[in-house]
Amino acid sequence: MTSIFNKPFTRQEAIPEAGIERAVEIMRSGKLHRYNTDEGETAESALLEQDFANYLGVPFCLACASGGYALHIALKAAGLKPGEKVLTNAFTLAPVPGAINNAGGVPVLVEIDSNYCVDLTHLQQLMEETDCRFFMVSHMRGHLADMEAIAELCSKHKVILIEDCAHTMGASWNGKKSGTFGDVSCFSTQTYKHINSGEGGLLTTNDEKIMARAIMHSGSYMLYQRHGTAPEEETFKDIRLDTPNYSGRMDNLRAAILRSQLPLLAENCLRWNELYDAAATALAATPGIDIPRRPAEETYVGSSIQFRPRDLTSPEQISSFISACAARGVELKWFGSEDPQGFTSRYDSWRYLGDAPVLQQTLDILSNTLDMRIPLTFHLQDMALVTSIIADELGKASTRKTA
Ligand SMILES: *Cc1c(COP(=O)(O)O)cnc(C)c1O
């Protein structure tokens, strides 16, 4: 009898009781909007900003509507001008080039390496050959490139660094938290990220001018001093009337849900890694599977795993392997598919970019890259079953191939 896995890959854990209670309290009060506060009261959204700034160890945090929205206003607040180029990884999620486009910029795609990080040689070459003033590094699927090398390259070429930390909340490079290398950093609190409010975003920075502009952009009207970590009034002097309102605030309900999860983040990251490491060990021991190398400097959060079945070389072989796994309850995503499905995307499917150069290295790596979510509702025995199904089906696929 063939074993079947029957847990959903998209099921999150419940919101902690403290968050539910607080959310209900806020609903009873009717005061869901972040600027609807009584005299002397601090809104839940503002408290979240303080909590997250403290967590990350930075002076400023802005809570807003989504991760993609945070990336958009990060570029605007950092001074992107219409038509300016922005370097970014060729392997990232669609909201990243979308945010650049939304901010009036033009994405310039950088190759990735076989560990799913930005290719530093190509990055350096583009910095030398072009006059790009911005680099939006996307830590796609939680893979951190050498952040010290990136910071050095950016400072040498006077490039403003924006970090997309959608998958690296809780991760660090050489002991320094992801999100503290960039001039601005953006986090997502969308359901599948490391803290969950359905949708939501957090922007962080050390720069008071960037922060003041980001607050104004996010839709603060003249209530900007009601933010949890607002710069001094003086900083807003010119900015307050010169910065368009791109209405994208966070509400108190979502802030309440998130505040209750932040104290659990460190422990949850360890739980993710226990599951990830079990899956990675099992997959690495499976003949014909390549998994990315995780450098010693990287403290990752294994909320998903990527692997490449080396011997499945045609799209048909990969499709039928994915279908065979799906028939046994194991949901794999394929980033190499011609036509993007569900949440997957390949850079050449963003046709609005126009005639982007062909990035063969990235296409080759993605051609057989499979991706699997690791929700915290899974246990170690689930990882054992899931990886044994993958190994079993890969064995069958390889036999079919040679038959
Ligand atoms: C989820 C995600 C985003 C965008 O986050 P949203 O909150 O969904 O807008 C950006 N970059 C990456 C790599 C992501 O995975």
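**The ligand and its surroundings: a short presentation**

Good morning. By class, the residues in the shell around the ligand are five nonpolar, eight polar and two charged. Please bear in mind that this is a predicted model.

Let me begin with that shell. The ligand is surrounded by 15 residues, and G67, D164, H167, S188 and K193 are the closest. Two helices, α3 (67-77) and α4 (95-102), each contribute at least two residues to the shell.

Which atoms of the protein meet the oxygen atoms of the ligand? A polar backbone atom of G67 lies 2.7 Å from an oxygen atom of the ligand. In the case of S188, a polar side-chain atom is 2.7 Å from an oxygen atom of the ligand. For K193, an N or O atom of the side chain is 3.0 Å from an oxygen atom of the ligand. As for the surface of the ligand, it exposes 380 Å² when taken alone, and the protein buries 93% of that.

I turn next to helix α4, which, as mentioned, supplies at least two residues of the shell. V96 has its place in this helix. Is V96 buried or exposed? Its relative accessible area is 2%, so V96 counts as buried. V96 also brings us to M136: the two residues are 40 apart in sequence, and their C-alpha atoms are 8.3 Å apart in space.

The next element is helix α6, residues 147-156. Here M147, I150, L153 and C154 are buried. Why do these four lie on the same side of α6? They cover an arc of only 120 degrees around the axis, and therefore they share one side of the helix. The face turned away from that buried side carries E152, S155 and K156, which are exposed.

Finally, let me address the cysteines. How many disulfides does the structure hold? The number is zero. C269 serves as an example: the closest cysteine sulfur to its own belongs to C165 and is 13 Å away, which is too far for a bond, because a disulfide requires two cysteine sulfur atoms within 2.5 Å. C269 counts as buried because its relative accessibility is 7%. C325 likewise counts as buried, since its relative accessibility is 0%.

To close, I return to the ligand: of the 380 Å² that it exposes alone, the protein buries 93%, and G67, D164, H167, S188 and K193 are its closest residues. Thank you for your attention.

Key
Residues are numbered from 1 along each chain as its sequence is written. This is a predicted model: local features need pLDDT of at least 70, side-chain atom pairs count only at pLDDT 80 or more; totals for chains, interfaces and linings use all residues. Side-chain values use heavy atoms; hydrogens and water are left out. A residue is near a molecule or strand if one of its heavy atoms lies within 4 Å of it. A polar contact is a pair of N or O atoms within 3.5 Å; within protein, one must be able to donate a hydrogen and the other to accept it, and residues adjacent in sequence count only if both atoms are side-chain atoms. Accessible areas come from the Shrake-Rupley method with a 1.4 Å probe; for residues, only the protein chains shown count as cover. Ala, Val, Leu, Ile, Met, Phe, Trp, Tyr, Cys and Pro count as nonpolar, Asp, Glu, Lys and Arg as charged, and the others, Gly among them, as polar. Buried means under 20% relative accessible area, exposed over 50%, partly exposed in between (1.4 Å probe, protein chains only). The arc is that of the directions from the helix axis to the C-beta atoms.
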